[in-house]
Amino acid sequence: MDDCIFCKIIANEIPSYTVYEDDIVKAFLDISQGTPGHTLVIPKKHVPDLFAYDEELASAVFARIPKIARAVKASNPTIKGMNVLNNNGAVAYQSVFHSHFHLVPRYTDHDDFKMIFKDNSANYSAADYQKIQQSIIDHMED
Ligand code: 5GP
Ligand code: ZN
């Protein structure tokens with residue numbers, strides 16, 4: 001994609017601090033460094049978001065995430081855990097529309113990082129869960 005910043009990074013038209021690359025993915029430091037070591041894993045094929053993956057691409061990309069995550073974790077002995085994030089759609093805070101997975105190393109439970117959703121279970125009856133469950137089942141691809 002001509003005007004895609006991550007396609008330009010893949011083509012080395014924009015420099016990046018690459019930590020892993022093969023024919024399927026590229027992994028490089030997120031410029032924001034939400035926490036030290038914050039890394040992005042992107043497919044080399046331009047897909048805008050998770051909804052655009054087919055099973056073959058998903059298998060290939062997801063298969064590579066654990067070893068990249070292990071290397072990031074091993075790179076610094078003070079990394080205790082990691083959040084893996086994938087934002088889809090502007091409403092979900094996606095700002096670059098070339099799909100990517102954030103590997104965000106965690107050092108403490110009070111890192112400068114927030115990922116909060118409320119527990120709304122008190123507002124849900126069994127019927128509410130079942131209605132949502134059935135609608136998702138009805139839309140599942142074969
Ligand atoms: P999103 O908000 O779409 O989930 O995440 C996009 C990420 O891309 C942001 O964390 C942002 O810091 C990162 N980013 C945007 N432009 C560049 C760039 O030119 N180089 C690098 N390395 N990261 C970028
Ligand atoms: Zn792209």
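This report describes the surroundings of ligand 1 and then several individual residues of the protein.

The model is predicted, so that local features need pLDDT of at least 70 and side-chain atom pairs count only at pLDDT 80 or more, while totals for chains, interfaces and linings use all residues. Residues are numbered from 1 along each chain as its sequence is written, chains are lettered from A and ligands numbered from 1 in the order in which they are written, and side-chain values use heavy atoms, with hydrogens and water left out.

## The site of ligand 1

Ligand 1 occupies the largest pocket. A pocket is an open set of points on a 1 Å grid over the protein atoms alone, where a 1.4 Å probe fits and protein lies on both sides within 12 Å along at least five of seven lines. A molecule sits in a pocket if more than half of its atoms lie within 2 Å of the pocket's grid points. The elements that contribute two or more residues to the shell around ligand 1 are α1 (5–10) and β2 (25–29). Helices (H or I, at least four residues) and strands (E, at least two) are DSSP runs, numbered from the N terminus. The largest share of the shell, three residues, is supplied by α1.

Around ligand 1 there are 16 residues, of which Asp30, Asn87, Tyr93, Ser95 and His102 come nearest. A residue is near a molecule if one of its heavy atoms lies within 4 Å of it. By class, the shell comprises nine nonpolar residues, six polar and one charged. Here Ala, Val, Leu, Ile, Met, Phe, Trp, Tyr, Cys and Pro count as nonpolar, Asp, Glu, Lys and Arg as charged, and the others, Gly among them, as polar.

The table gives polar contacts of the ligand with the backbone; a polar contact is a pair of N or O atoms within 3.5 Å, and within protein one must be able to donate a hydrogen and the other to accept it, with residues adjacent in sequence counting only if both atoms are side-chain atoms.

| Backbone N or O atom of | Atom of ligand 1 | Distance |
|---|---|---|
| Leu29 | nitrogen | 2.9 Å |
| Ile31 | nitrogen | 3.3 Å |
| Tyr93 | oxygen | 2.8 Å |

Taken alone, ligand 1 exposes 510 Å², and the protein buries 81% of that. Accessible areas come from the Shrake-Rupley method with a 1.4 Å probe; for residues, only the protein chains shown count as cover.

## Individual residues

In the descriptions below, buried means under 20% relative accessible area, exposed over 50%, and partly exposed in between (1.4 Å probe, protein chains only).

Tyr93 belongs to the loop between β4 (81–85) and β5 (101–106). Its phi is near 75°, a positive value in a residue other than glycine. Tyr93 counts as exposed because its relative accessibility is 71%.

Asn12, in the loop between α1 and β1 (18–21), likewise has a positive phi, of about 60°, although it is not a glycine. With 58% relative accessibility, Asn12 counts as exposed. Asn120 lies 108 residues from Asn12 in sequence and 45 Å from it in space, C-alpha to C-alpha. Asn120 is placed in the loop between β5 and α3 (126–138) and, at 32% relative accessibility, counts as partly exposed.

Thr39 is part of strand β3 (residues 39–43). Thr39 counts as buried because its relative accessibility is 1%. Its side chain reaches the backbone oxygen of Gly37 at 2.6 Å.

Ile65, in helix α2 (residues 55–74), also counts as buried, at 11% relative accessibility. Ile65 and Val84 are separated by 19 residues in sequence and by 9.3 Å in space, C-alpha to C-alpha.

How values were computed
On a 1 Å grid over the protein atoms alone, a cavity is a set of points where a 1.4 Å probe fits but cannot get out, and a pocket is an open set with protein on both sides within 12 Å along at least five of seven lines; lining residues have an atom within 4 Å of a point.
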